[in-house]
Amino acid sequence: MKVWCNCGMQYEFMNCFEKKEKPCNEECERLERNKKLEEAFGSKEEEVYSEELVEYAQNNLQFVKKVESKLQSIIQEGKNLNFLPSMKPEQRWFCHEVIPYHYGLDCESVDQEPVRSIVVYMTENAKTPSPLLSEYVKRGCVGEATKKEPAASLFFYQLTPSITTQDMAAALQKFQGEYQIKWNNDHSAYAHFNSIHKCEEAKKAVTRIPGPFSVVKMILYDKVNEGEGFKKKFRNSKKPKEVTSFEEETNSN
């Protein structure tokens, strides 16, 4: 079950028999401080996007702009529950990469192929990134974070469709800033670490507690394991209808 801290900035997975209380920590203070600074001065760190997201946007710029426009509308309207239309696996991959990391929203895939779609949940940390990915690509930006390759990875390979990026981040909370999550498909994901030692520690931590993240294996970084960008991930995937508009989806509170 998810247990939120008092300020509502972070949550953590806990077993039902555990003490159902999560204290606030330094990260809560940092998030609250940044939020107040942004409200006061309208300033924040410039967004940096991964190499895979940049590659995807360069090849699918119109779709990226449609997603950006829809996510901005979701944040402005503030509705708790928002439905995106059914879309292709690579389009869902893009949404799972950009929605939690760059917009502070939560999301999960629902339904079966070929009508599998994404539900987006409003959170306290919802924000619009600056610059947007489409603007970032047009400027030709490639940040240092996109060039750094991991030393080792945790591969979670029996995840249920309801698991989200924020759920995984909560399970790896002690290692915040040490890893980057990359979804492989709706049922598996990587947590890439720059330190083999930290990766080993994280594996021990997640396997101690039975749950969705206890089925995991550690691998040394190898380009063959990850494929060649987002294209190879979906080479043999099913081909639902490609999304061209977000005008027909349903929103509800």
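Where is the place of P131? Let's start there and work through this predicted model one exercise at a time.

**Exercise 1. Place P131 and P114, and describe the peptide bond that precedes each.**

Step 1. P131 has its place in the loop between β5 and α5, the latter covering 133-138.

Step 2. Now look at the bond leading into that proline: from S130 to P131 the peptide is cis, and its omega is near 0 degrees.

Step 3. Turn to P114, which sits in the loop between β4 and β5. E113 and P114 are likewise joined by a cis peptide bond, with omega at about 5 degrees.

**Exercise 2. Stay in the loop between β4 and β5 and work out what sets the backbone of D111 apart, and how accessible D111 is.**

Step 1. D111 belongs to the loop between β4 and β5. In this hairpin, six residues lie between the strands.

Step 2. Check the phi angle: for D111 it is near 70 degrees, a positive value in a residue other than glycine.

Step 3. Next comes accessibility. The relative accessible area of D111 is 47%. Buried requires under 20% and exposed over 50%, so D111 counts as partly exposed.

**Exercise 3. Find the pairing partners of β5 and decide whether the strand is enclosed or open.**

Step 1. On one hand, β4 (residues 106-110) pairs with β5 in the antiparallel sense over five bridges. V110 is the residue opposite S117 of β5.

Step 2. Strand β3 (residues 81-83) also pairs with β5, again antiparallel, over three bridges. Here L81 has Y121 as its bridge partner in β5.

Step 3. Count the buried residues in β5 (residues 117-121): they number four of the five, so the strand is largely enclosed by the rest of the structure.

**Exercise 4. Describe the packing of α2 against α3, then follow α3 to a contact in α5.**

Step 1. Take the axes of α2 (residues 51-59) and α3 (residues 61-77): they come within 5 Å and cross at roughly 110 degrees. Angles of 65 to 115 degrees count as roughly perpendicular, so α2 is roughly perpendicular to α3.

Step 2. List the residues that meet. From α2 these are Y56, A57 and N59, and from α3 they are L61, F63 and V64.

Step 3. Now move to S134, found in helix α5. Leaving aside residues up to four places away in sequence, S134 touches L61, V64, K65 and E68.

Step 4. Is S134 buried or exposed? Its relative accessibility is 6%, so S134 counts as buried.

**Exercise 5. Reconstruct the sheet that contains β6, and say which helix lies across it.**

Step 1. Write down the strand order: β7-β8-β6-β9, an open sheet of four strands with antiparallel pairing. Its edges are β7 (179-185) and β9 (216-220), each of which pairs on one side only. On average, neighbouring strands are turned by 25 degrees against each other, direction ignored.

Step 2. Zoom in on β6 (residues 152-156) and β8 (residues 188-193), which pair in the antiparallel sense over five bridges. Within this pairing, F155 stands opposite Y190 of β8.

Step 3. Add the helix. α7 (residues 196-208) lies across β6, β8 and β9, and runs at about 170 degrees to β9.

**Exercise 6. Compare the surroundings of L154 and H192.**

Step 1. Begin with the largest nonpolar core, which has 46 residues; the members that touch the most others are F94, I99, L133, L154, F156 and M168. As background, nonpolar side chains in soluble globular proteins tend to be buried together.

Step 2. Trace the contacts of L154, again without residues up to four places away in sequence. Among them are L172, A189, A191, F193, C199, A202, V216 and M218.

Step 3. H192 lies in strand β8. With 9% relative accessibility, H192 counts as buried. Its side chain makes a polar contact of 2.5 Å with the side chain of S153.

**Exercise 7. Step back and summarise the chain.**

Step 1. Count the elements: the protein chain has nine helices and 10 strands.

Step 2. Of its 253 residues, 43% are buried.

Step 3. Finally, consider contacts with a separation of 6 or more: 69% of them come from residues 24 or more positions apart.

How values were computed
Residues are numbered from 1 along each chain as its sequence is written. This is a predicted model: local features need pLDDT of at least 70, side-chain atom pairs count only at pLDDT 80 or more; totals for chains, interfaces and linings use all residues. Side-chain values use heavy atoms; hydrogens and water are left out. Two strands pair if DSSP finds at least two bridges between them. Helices (H or I, at least four residues) and strands (E, at least two) are DSSP runs, numbered from the N terminus. Axes are lines fitted to C-alpha atoms, for helices over the stretch in contact, and angles run from 0 to 180 degrees between N-to-C directions. Contact means heavy atoms within 4.5 Å. A nonpolar core is a set of buried Ala, Val, Leu, Ile, Met, Phe, Trp, Tyr and Cys residues joined through side-chain atoms within 4.5 Å. Buried means under 20% relative accessible area, exposed over 50%, partly exposed in between (1.4 Å probe, protein chains only). A polar contact is a pair of N or O atoms within 3.5 Å; within protein, one must be able to donate a hydrogen and the other to accept it, and residues adjacent in sequence count only if both atoms are side-chain atoms. Angles under 35 degrees count as roughly parallel, over 145 as roughly antiparallel, 65 to 115 as roughly perpendicular and the rest as oblique.
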